[in-house]
Amino acid sequence: NKKFFADSIFDTQGSISRGGTTIDEFRASKSEMLQDTHRRLTMKYVTVTGNGLRVERRALVDVQSIGQDLYMLMTSSNAAKFEAKGRERDTVEAIVDSFRCDRT
């Protein structure tokens, strides 16, 4: 469920918020199963800078499950550059494509 992942990633007790990033709004705009244990989400969210400016961002999140555990990797960029599908979008996609969780 897209909402579960968005709420988990942007939880106020999570590492993004604890790292000092102010998130104004967020949602998972797309979720697709790549394999039985591998999902990719596209996130839309807005950060707020120290001087109060809102910055739209896009992210790709790879989620892989092993047993009862979920492992996630999120990488993002400025929304305009992400939507332009240029070098920055290619970099974001290459990062999530490289994410692997092996069963041990």
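**Notebook: rings, core and a strand residue**

I began at R89: its charged end sits over the ring of F82, 3.9 Å from the ring centre. I note that the model is predicted.

Next I looked up ring pairs. I count three aromatic pairs. F4 and F5 form an edge-to-face pair, with 5.2 Å centre to centre and 75° between the planes. I then checked burial for both partners. F4 is partly exposed, at 47% relative accessible area. F5 is buried, at 6% relative accessibility. I also find one aromatic cluster, formed by F10, F26 and Y45.

Then I turned to the largest nonpolar core. How many residues make it up? I get twelve: F5, A6, I9, F10, I23, A28, L41, M43, Y45, A59, V61 and V63. I see that α1 (2-9), β1 (22-35), β2 (38-48) and β3 (54-66) each supply at least two of these residues. Why is F4 not in the core? A core residue must be buried, meaning under 20% relative accessible area, and F4 is at 47%, so F4 does not qualify. F5, at 6%, is buried and is listed in the core.

I followed one core member, A59. Leaving out residues up to four places away in sequence, A59 touches L41, T42, M43, Y45, M74, T75 and S76. L41, M43 and Y45 are listed in the core with A59.

Last, I looked up T75. T75 lies in strand β4 (residues 69-78). Is T75 buried or exposed? I find T75 buried, at 12% relative accessibility. With the same sequence neighbours left out, T75 touches R58, A59, L60, V92, I95 and V96.

Key. Residues numbered from 1 in each chain as written. Predicted model: local features only at pLDDT ≥ 70, side-chain atom pairs only at ≥ 80, totals over all residues. Heavy atoms only, no water. Phe/Tyr/Trp six-rings, centres within 6.5 Å; stacked < 30°, edge-to-face > 60°. Buried < 20%, exposed > 50% of the residue type's maximum accessible area, 1.4 Å probe, protein only. Lys NZ or Arg CZ within 6 Å of the ring centre and 35° of its normal. Core = buried A, V, L, I, M, F, W, Y, C linked by side-chain atoms within 4.5 Å. Helix = DSSP H or I, 4+ residues; strand = E, 2+ residues; numbered from the N terminus. Contact = heavy atoms within 4.5 Å.
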